[in-house]
Amino acid sequence: CINSPSVECNMKKADLSALEKALAHLPVDLKQHLAHQLLGQINAQSHTLLEAARSHRRCPRCGYEHVVKWGRSSGLQRYRCQSLTCHKTFNAVTGTSLARLHHRNKWFDYLRCMRDSLTLRVSAVRVGIDLKTAFRWRHRFLTASANANANALSGIVEVDETFFAESCKGKRNITHRSSRKRGGQSNRKHKADKIPVLIARDRNGNISDLVDPALNKPTVHAFLTPIINPDSILCSDGHSWYKTFSREHGIAHHRLVTLDNQRVIGKEYHIQNVNSYMSRLKGWMARFHGVGTAYLPSYLAWRRLFERAQPSEEAWLRIAIGANQ
C-alpha cells in the first residue's frame, strides 16, 4: 500500500515497517509458505472480481440466459448453456478480450505497470513475463476501451484536430518512404507523414476520438453525428466541415478563427479544454518514442482511462472485461 497511494489501506506506515522487519527474521521455508499463501489470495481476489463483475450470466455464443453451473476450471466457475441448439460451456472471461490469457495472478501487477505508464520492456521485467506477452496483454487489456469510443457528448462540446507522426513499428518492409530512427521526427512539410486524430470533448470530461489518415468532411460528419446531442453547443476552429455539420443537424456552433485572433467568445465558448487534453496526450505519448499507427487507437483508449476511469487496478480490470459497458 505504500507504493499504491490510490488504494485505501487501514494499516499505518509504521505498522507496515514493523511487519517488514518481522518478515526479515523469518526462516526461508516460512517465507516461501507465506509467499505461496499471498499468491493464492491474489488469485482468489482476481477470480472473485471477475465473477462479480459479470454476475449477469448469459451464453456468450447464442445469448441464451438459462445457464447452469458446470464445475470449475483454473479457479473460475464454468457454466453450461441450456439452449437445445448450443450446450456450450463458458466462464466469466469467455467472449471478452481476456479470454485464454494465462497467469491471472500477474494481471494486477501488469495493470499497475499500465497505470504507471511503463514501457513494455520495463513492464515485462517487473511482472516477470516475456516481452511478447507484455505486448499482447497491453493490447488485450485495452481492446474493450478502444471499442467503447463512441461516448455521448452533451452541453458545450469542443472539437479539434491534432497530428501524430506516421509510424510503421512492427512492419518489416516500408515501401512508401525511407525508414526513420526510433522515435525520429517526420517531415513537417509532408502531410503524408502525419496521421490526423480528431478529438471531441465536452465540459464533463467525456472524450471521443477518431484516427483517420484520410480525414475529410464525410468521415467527420459520420463520427460526430451519433455522439453529439442535438441540444449541444459545438465549439471548433475555423474548419468548414464543422460549420456544415452544425448547419445540417441544427446545432449551435461557435467558430474560433485563429487568423482573426479569436480564442474565446463570450467568456465561455472556446476550445482550450480540448487543446489542454491534447497537450497532456502528446506529453504522455512522448515516453513511448513513437507509437505504431496501427496501435494508435489503443493508446488513445489508454489515455482516456487516465481521464475518466477510477485510479485502481480493479476498476481497469472491470473495464477490460466490458463490465462497465
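In the predicted model, strand S7 (residues 233-236) and strand S8 (residues 252-255) run parallel and are joined by four bridges. Within this pairing, Ile 233 stands opposite Ala 252 in S8. Strand S7 is also joined to strand S4 (residues 156-165), again in the parallel sense, here through three bridges; Glu 158 has Cys 235 of S7 as its bridge partner.

An antiparallel arrangement is found in an open sheet of three strands, which follow one another in the order S1-S2-S3. The edges of this sheet are taken by strand S1 (67-73) and strand S3 (89-90), each of which has a single partner strand, so that one side of each is left without a neighbour in the sheet. Five bridges connect S1 with strand S2 (residues 76-81) in the antiparallel sense, and the residue of S2 that serves as bridge partner to Val 67 is Cys 81.

Among the helices, H3 and H10 are linked through their charged side chains: Arg 115 forms a salt bridge with Glu 313, in which the closest N and O atoms are 2.9 Å apart. Because Arg 115 lies in helix H3 and Glu 313 in helix H10, the pair ties together parts that are 198 residues apart in sequence. In the structure as a whole, nine salt bridges are present.

Helices H3 and H10 also contribute to the lining of an internal cavity. With a threshold of 30 Å³ or more, the count comes to one cavity, and the volume of the largest cavity is about 40 Å³. Its lining consists of Leu 111, Met 114, Phe 141, Leu 142, Ser 145, Leu 305, Trp 316, Ile 319 and Ala 320. Two or more of these residues come from each of helix H3 (107-115), helix H5 (131-147) and helix H10 (313-320). In chemical character, the lining of the largest cavity divides into eight nonpolar residues and one polar residue, with no charged residue.

On the surface, a nonpolar patch is formed by Leu 19, Leu 23, Leu 30 and Leu 34, which together have about 280 Å² of accessible area. Helix H1 (13-24) and helix H2 (28-53) are the elements that give two or more residues to this patch, and Leu 19 is located in helix H1.

Technical notes. Residues are numbered from 1 along each chain as its sequence is written. This is a predicted model: local features need pLDDT of at least 70, side-chain atom pairs count only at pLDDT 80 or more; totals for chains, interfaces and linings use all residues. Side-chain values use heavy atoms; hydrogens and water are left out. On a 1 Å grid over the protein atoms alone, a cavity is a set of points where a 1.4 Å probe fits but cannot get out, and a pocket is an open set with protein on both sides within 12 Å along at least five of seven lines; lining residues have an atom within 4 Å of a point. Grid points are joined across faces, edges and corners, and a volume is the space filled by probe spheres set on the points. Ala, Val, Leu, Ile, Met, Phe, Trp, Tyr, Cys and Pro count as nonpolar, Asp, Glu, Lys and Arg as charged, and the others, Gly among them, as polar. Two strands pair if DSSP finds at least two bridges between them. Patches are made of residues with over 30% relative accessible area and no salt bridge: like charges are joined within 9 Å, nonpolar side chains (Val, Leu, Ile, Met, Phe, Trp, Tyr) within 5 Å. Accessible areas come from the Shrake-Rupley method with a 1.4 Å probe; for residues, only the protein chains shown count as cover. A salt bridge is a side-chain nitrogen of Lys or Arg within 4 Å of a carboxyl oxygen of Asp or Glu.
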